[in-house]
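Got your viewer open? Let's walk through this one stop at a time, starting at the ligand.

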Amino acid sequence: MDRRKFVQTTAAASGLLLVKPSTAFGYQANSAVRLGLLGCGNRGTSVATSFAENTSAHVVALADMFADQLAEGKKHFDEVNSKLGKAAIDEKLTFRGPHAYEQLVASKDVDLIQISTPPFFHVHHLEAAVAAGKHVYCEKPVGIDVAQTKQALEIAKRVKPTQSVDVGFQCRNAPPIAAIADKIRAGGLGKTALVMGFYNAPASLEKGNSSMSKDEYRLRNWLWDRALSGDILVEQNIHIIDLCNWILGSHPLKAIASGGRNVLTHFGDCWDNYQVDFTYPGDTHLSFASSQFGAYGVFQAGLSFFGSEGMATVPYAGPVQIVGEKPWAWQEEGAATAPVNGKFAANGAFEDNLKYADRDKERTFVESITSGKSHNEIASGVETARSCMLGRMAGLLRREVTWEEMLTHGESYSLGMKLEQFA
Ligand SMILES: NC(=O)c1ccc[n+]([C@@H]2O[C@H](COP(=O)([O-])OP(=O)(O)OC[C@H]3O[C@@H](n4cnc5c(N)ncnc54)[C@H](O)[C@@H]3O)[C@@H](O)[C@H]2O)c1
């Protein structure tokens, strides 16, 4: 008897009904996942292209606030789809303006919404996409203030078992980083007493020009604006704080911090440097420093874990290794043996140790959709976002802040503009 007949016979005998995968998972397991990109900028384009090239996802719909961004996205993805032998994007599935996200999530032709808008909008867009029953790939951070993270946790409760939601912490999926994280968590360093983290990036470049309205200029240069981005700690340095939380298996309990705007003079209120001392359970400290200014090509990010029995280096670029009682090193053709200064990639698609991070993240996520083994990463995304908010709050208040105080503080940011003007 072949396997199919055996399954049918035994299922009938046992009175079980065989359920088609499409019914079980609310999704046709063998068909392409139809992706709708919300926010056709740098990162959105890079991630959706990676989905198209590395998974069964087909980019079928686009949405953006601005016509030029939408047009560029359409041109790019029509080329990507053509190269892959897939259909071009139907004009009817391109949406522009402040209600574009609502039209996108309402589309019956889309299974997965990729949220790649500026951070201020993530939770609002997540709410709409989850309510529409879509799978969601949401960029970090999950919220720019505590109020938004509370809303996100409520949304997390409404995610159905058939829906999958991932958050854009692709560094966890980088093979060398995943491998050393396993070693550290398995006790490879003994007791971790100190972690040092750093994120030093060049200044972000101006978008648009002064002929734009003040609000449009601000929205296009959201990276310079604390309410829109969350500031550099919450928006960009978050990858390093996330890796620390993930590897230590907890969030910080308190923080003291300093920092400011020592170099940048352009429009905006984001700081250009932070120094934070985070205390984790067990009195483990993360001493973190970041900077974001200059145009001299320096980029470095990573962590060093100092334990009672060994020390581990976890950089974006450079050797991923443990020295001490249980030495180990990531072995791969081309693996770095000496410290390297990496190249900054504004779209997050770094080379070196993060080369396969996006590819593997996207594959794992699509697999969660097609297999029906759904993810719901909202709560862990919130935990990391809050960890960064803790450091930001300590810096802004110039004193120690505990996790509990942060949660009850009531800090919240408002958009300060009406999006209808872009209709
Ligand atoms: N995971 C990573 O490594 C990584 C790397 C870079 C950026 N990011 C994140 O990706 C997101 C996008 O960053 P980016 O560099 O692509 O920015 P970007 O400015 O290049 O693109 C943002 C796009 O969103 C559009 N937009 C703005 N507000 C909108 C709204 N309310 N509705 C619809 N569209 C809107 C803009 O017109 C623009 O096309 C950010 O959240 C950022 O933090 C993540």
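Select Glu139 and the ligand: a polar side-chain atom of Glu139 sits 3.1 Å from a ligand nitrogen atom, a polar contact (a pair of N or O atoms within 3.5 Å). Before you click on, note that this is a predicted model, where local features need pLDDT of at least 70 and side-chain atom pairs count only at pLDDT 80 or more, while totals for chains, interfaces and linings use all residues. Residues are numbered from 1 along each chain as its sequence is written, and side-chain values use heavy atoms, with hydrogens and water left out.

Next, pick Gln170, where an N or O atom of the side chain is 2.8 Å from a ligand oxygen atom. Then try Asn42: here a polar backbone atom lies 2.9 Å from an oxygen atom of the ligand.

Now show the shell, meaning residues with a heavy atom within 4 Å of the ligand. You should get 29 residues, with Arg43 and Asp64 among the closest. Colour by class and you'll find nine nonpolar, 14 polar and six charged residues; Gly goes with the polar ones, and Asp, Glu, Lys and Arg are the charged set.

Which element gives the largest share of the shell? Select α3, which supplies three residues. Helices here are DSSP runs (H or I, at least four residues).

Last stop: add α4, residues 67-83. The α3 and α4 axes (lines fitted to C-alpha atoms over the stretch in contact) are 11 Å apart, at about 15 degrees. That makes α3 and α4 roughly parallel, the label for angles under 35 degrees.

Terms used:
A polar contact is a pair of N or O atoms within 3.5 Å; within protein, one must be able to donate a hydrogen and the other to accept it, and residues adjacent in sequence count only if both atoms are side-chain atoms. Helices (H or I, at least four residues) and strands (E, at least two) are DSSP runs, numbered from the N terminus. Axes are lines fitted to C-alpha atoms, for helices over the stretch in contact, and angles run from 0 to 180 degrees between N-to-C directions. Angles under 35 degrees count as roughly parallel, over 145 as roughly antiparallel, 65 to 115 as roughly perpendicular and the rest as oblique.
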